[in-house]
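Biologist: I'm new to reading models like this one. Could you walk me through it and then zoom in on one part?

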Amino acid sequence: MQTLLGRESTYKEGIDLLIAFRKEMFGQITQIVNGYPEEAFWQMPYANADGYHSKTLAYSIWHIFRIEDIVAHTLIANDEQVFFRGGYQARIGSPISTTGNELQGEEIASFSKMDILALYDYAKAVMFSVDELLQGLDYAGMKRKFTEADKERIAASGCVSTDGRAAWLIDYWCGKDVRGLIKMPFSRHWIMHVEAMRRIKNKLCRDARRGVDPVAYCGLSCNHCFLTEWCGSCRTKYNTCSYATIFEDRRCPNAACCQEKGLDGCYECPELESCTKGFYEPGNDGANAARAQAMFIRKYGKNALLKVHDRLHERYDFAKSQEILGQDAYKGLKMLEDEYMALRDGKANPS
Ligand code: SF4
Ligand code: SF4
């Protein structure tokens with residue numbers, strides 16, 4: 001993208017690539033906003049770390065888009081920021097209008113208790129307005145530099161704190177040309193903070209799962225699931241199983257059904273073999289594998305399933321259990337049983 005932006009003949013292509021990349025990264029923010037419970041947005045699981053992941057999910061979103069809004073509108077376009085135009089401070093419920101760089105420790109956590117959906121709306125509005133601005137730039141405009149008057153305008157906006165942890169931003173932005181600003185803050189800045197968000201939410205999921213039954217209601221093993229970094233288990237508030245998140249109430253139908261029936265999992269249900277609810281829906285590519293595992297648990301218990309999973313992962317290279325158990329629920333069950341018998345008999349392979 002940087003190379004394309006550097007040549008007049010290709011810079012338009014560079015802008016298109018940049019916008020596509022921003023869209024892709026924004027998709028990660030959307031998944032986090034849609035998937036995680038409200039409390040996740042003000043947790044600081046790496047509070048004492050040295051790095052962007054020492055902040056919160058809410059702070060990360062706020063910081064990316066406040067900076068982008070200030071740079072795009074107050075500095076480059078010299079028009080009104082989306083933040084003020086849309087009355088977002090009141091909608092979000094934020095006590096500040098600055099970038100947040102000046103906040104520290106507990107201040108970050110308490111600042112983060114804001115309206116996350118309003119913050120998300122703001123982020124999206126800023127992204128679209130900046131995409132539009134980028135599309136309108138001509139090649140000569142990419143080399144535009146900034147003046148003392150530009151610096152004074154940003155300072156006068158009050159959107160950058162005079163605290164030493166923030167005040168340097170004005171010189172930093174104004175020391176670049178527009179092409180430099182495309183990197184920071186319109187692309188690289190996103191990468192840094194989206195990566196930090198990924199680390200924060202992964203840690204929150206790991207913490208949520210600590211001490212929780214590692215077998216999901218449907219019979220899958222959360223310890224061996226390919227979504228193990230993403231999902232905090234259907235037995236916690238961090239139930240961001242990709243299946244649960246497709247439903248409006250963000251609850252997997254199997255988890256909801258088990259809870260209603262007072263069952264520990266579908267493996268306790270007499271309807272298991274014929275059930276077509278939720279994950280067992282015909283056509284769902286994980287249905288047979290999950291059912292096979294639930295049937296196995298019913299016969300041999302959860303610990304046996306976890307042991308067999310360890311062994312399967314040693315013997316085969318697969319990410320999703322349906323890759324080896326998914327053909328048919330009964331064949332999947334047979335494979336699990338064969339591995340379990342071999343394990344019990346101390347054999348390397350099932351006979
Ligand atoms: S997706 Fe399902 S099996 Fe995987 S970690 Fe989440 S609840 Fe557990
Ligand atoms: S009816 Fe289906 S989803 Fe409900 S507990 Fe039984 S097996 Fe699970």
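Of the contacts in the chain with a separation of 6 or more, what percentage comes from residues 24 or more positions apart? And please look closely at the loop that holds Ser233.

Modeller: Residues 24 or more positions apart account for 68% of those contacts, a contact being two residues whose C-beta atoms, placed from the backbone, lie within 7 Å. Keep in mind that this is a predicted model, where local features need pLDDT of at least 70, side-chain atom pairs count only at pLDDT 80 or more, and totals for chains, interfaces and linings use all residues. Residues count from 1 along each chain as its sequence is written, while chains are lettered from A and ligands numbered from 1 in the order in which they are written.

Before we zoom in, here's the setting. The chain has 16 helices and 0 strands (DSSP runs numbered from the N terminus: H or I of at least four residues for helices, E of at least two for strands). Its C-alpha atoms fill a box of roughly 80 × 45 × 35 Å along the principal axes. An automatic or database domain assignment sets the bounds, giving domain 1 (2-203) and domain 2 (211-344). Their centres, taken over C-alpha atoms, sit 40 Å apart, and 5 residues of domain 1 touch 5 residues of domain 2. On the domain 1 side, that touching set has 2 nonpolar, 3 polar and no charged residues (Ala, Val, Leu, Ile, Met, Phe, Trp, Tyr, Cys and Pro are nonpolar; Asp, Glu, Lys and Arg are charged; the others, Gly among them, are polar).

Let's walk up to your loop through α11, residues 188-209. Just ahead of that helix, in the loop between α10 (178-183) and α11, we meet Pro185, joined to Met184 by a cis peptide bond with omega of about 20 degrees. Helix α11 packs on α3 (residues 57-77) at about 170 degrees, axes 9 Å apart; the axes are lines fitted to C-alpha atoms over the stretch in contact, with angles from 0 to 180 degrees between N-to-C directions. The two helices are therefore roughly antiparallel (over 145 degrees; under 35 is roughly parallel, 65 to 115 roughly perpendicular, the rest oblique). Residues meeting there include Ile64 of α3 and Trp190 of α11.

Now your loop, which runs between α11 and α12. Most residues other than glycine have a negative phi. Ser233, though not a glycine, has a positive phi of about 90 degrees. Ser233 counts as buried because 25 other C-beta atoms lie within 10 Å (20 or more is buried, 12 or fewer exposed, in between partly exposed, with C-beta atoms placed from the backbone). Arg250 shares that loop, and its phi is positive too, at about 55 degrees. Unlike Ser233, Arg250 is partly exposed, since it has 16 such neighbours.

Ser233 also belongs to the shell around ligand 1, along with residues including Cys222, Cys225, Cys231, Cys234 and Cys241; a residue joins the shell if its C-beta atom, placed from the backbone, lies within 6 Å. This shell splits into 8 nonpolar, 2 polar and no charged residues. Around ligand 2 you'll find Cys257, Cys258, Cys266, Cys269 and Cys275, among others, and here the split is 7 nonpolar, 2 polar and 3 charged.
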